[in-house]
Amino acid sequence: MYPEYVVPEEQRIAWVADRGGAMIGRGLAELTGWKVGDAVPLRSAIWRRSDGSDVWELTVRAIYDLPEGGDTRQILLHQDYFEEAKAQAKGMVGWYLVQIDRVERADAIARQIDQQFANSPAETKTSSERAMAQSFLNQIGNIGAILQAIVTAVFFTMLL
């Protein structure tokens, strides 16, 4: 889905073949010093394994680049590996990515997807990647407004 991700073919094949394999971005590799073939234990404060552990053992199988720029500090792992080992929320997915053929059909396709899951235990809220990123930024903006209100209240109290 992301043709801008550049991955050496032999690394891509190794990653696809290894369920416990990870593909990481060049930025993360440079930040951590990880190389292809390194065993990497990742700790999660949220996702525990079914054996009670919070450590996810992965092996770096591929490193991707984004020649046009972008964030290369991500880890991609296999959904099957994650699904089989996680302790809670089995069968649940946070989000899906859907590639469409024409951008002008995006709103109609989003409505169709949401209609398919309306009134189900797993209702969806379909949006573009840009809209999703904007919603995260809006949350940060709201925190900033709250902090500003607190600082103003403290300053006003000090003046009294």
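**Exercise 1. The central strand**

Which residues of β1 lie on one side and which on the other, and are they buried or exposed?

*Solution.* The model is predicted, so every value below is computed from predicted coordinates.
Step 1: sort the residues by face. Gly21, Met23 and Gly25 lie on one side of β1. Ala22 and Ile24 lie on the other.
Step 2: check burial. Residues on both sides are buried, so both faces of β1 are covered.
Step 3: draw the conclusion. Five of the five residues of β1 are buried, so the strand is largely enclosed by the rest of the structure.

**Exercise 2. The sheet**

Work out the strand order and name the edge strands.

*Solution.*
Step 1: list the strands. Four of them form an open sheet, in the order β2-β3-β1-β4.
Step 2: find the edges. β2 (39-43) and β4 (75-77) each pair on one side only.
Step 3: note the twist. From one strand to the next, the average is 45°.
Step 4: add the helix. Helix α1 (residues 9-17) packs on the sheet and touches β1 (21-25), β3 and β4. The direction of α1 makes about 155° with that of β3.

**Exercise 3. Pairing sense**

Go through the strand pairs and show that the pairing is mixed.

*Solution.*
Step 1: take β2 and β3 (residues 55-64). They run antiparallel, joined by five bridges. One partnership to inspect is valine 40 with leucine 58 in β3.
Step 2: take β1 and β3. Five bridges join these strands too, but here they run parallel. Isoleucine 24 has isoleucine 63 of β3 as its bridge partner.
Step 3: take β1 and β4. Three bridges pair them in the antiparallel sense. Alanine 22 is partnered by leucine 77 in β4.
Step 4: combine. The sheet has both parallel and antiparallel pairs, and its pairing is mixed.

**Exercise 4. Salt bridges**

State how many salt bridges the structure holds, then examine several of them.

*Solution.*
Step 1: count. The structure holds 12 salt bridges. Side chains of opposite charge can pair when their charged atoms come close.
Step 2: start with arginine 43 and aspartate 54. Their closest N and O atoms are 3.2 Å apart. Arginine 43 sits in strand β2 and aspartate 54 in the loop between β2 and β3, so the salt bridge ties together parts 11 residues apart in sequence. Arginine 43 counts as exposed because its relative accessibility is 65%. Aspartate 54 has 17% and therefore counts as buried.
Step 3: turn to arginine 49 and aspartate 51. Their side chains meet in a salt bridge of 4.0 Å, N to O. The cut-off is within 4 Å. Arginine 49 is buried, at 18% relative accessibility. Aspartate 51 is exposed, at 57%.
Step 4: try arginine 105 and aspartate 101. The N to O distance in this salt bridge is 3.0 Å. Arginine 105 is partly exposed, with a relative accessible area of 32%. Aspartate 101 is exposed, with 56%.
Step 5: look for a network. Arg19, Asp80 and Glu84 are linked in one.

**Exercise 5. Positive phi**

Where do alanine 89 and asparagine 119 lie, and what is phi at alanine 89 and at asparagine 119?

*Solution.*
Step 1: locate alanine 89. This residue is in the loop between α3 (79-85) and α4 (106-116).
Step 2: read its phi. The value is near 55°, which is positive, and the residue is not glycine.
Step 3: check its cover. Alanine 89 has 33% relative accessibility and so counts as partly exposed.
Step 4: repeat for asparagine 119. The loop between α4 and α5 holds this residue. Phi of asparagine 119 is near 60°, again a positive value in a residue other than glycine. With 75% relative accessibility, asparagine 119 counts as exposed.

**Exercise 6. A nonpolar patch**

Which residues make the nonpolar surface patch of about 620 Å²?

*Solution.*
Step 1: name the members. The patch is made by Ile143, Ile146, Leu147, Ile150, Val154 and Met158.
Step 2: place one of them. Isoleucine 143 lies in helix α5 (residues 129-159).
Step 3: test its exposure. The cut-off for exposed is over 50% relative accessible area. Isoleucine 143 has 51% relative accessibility, so the residue counts as exposed.

Definitions and conventions:
Residues are numbered from 1 along each chain as its sequence is written. This is a predicted model: local features need pLDDT of at least 70, side-chain atom pairs count only at pLDDT 80 or more; totals for chains, interfaces and linings use all residues. Side-chain values use heavy atoms; hydrogens and water are left out. Two strands pair if DSSP finds at least two bridges between them. Helices (H or I, at least four residues) and strands (E, at least two) are DSSP runs, numbered from the N terminus. Axes are lines fitted to C-alpha atoms, for helices over the stretch in contact, and angles run from 0 to 180 degrees between N-to-C directions. Contact means heavy atoms within 4.5 Å. Patches are made of residues with over 30% relative accessible area and no salt bridge: like charges are joined within 9 Å, nonpolar side chains (Val, Leu, Ile, Met, Phe, Trp, Tyr) within 5 Å. Accessible areas come from the Shrake-Rupley method with a 1.4 Å probe; for residues, only the protein chains shown count as cover. Buried means under 20% relative accessible area, exposed over 50%, partly exposed in between (1.4 Å probe, protein chains only).
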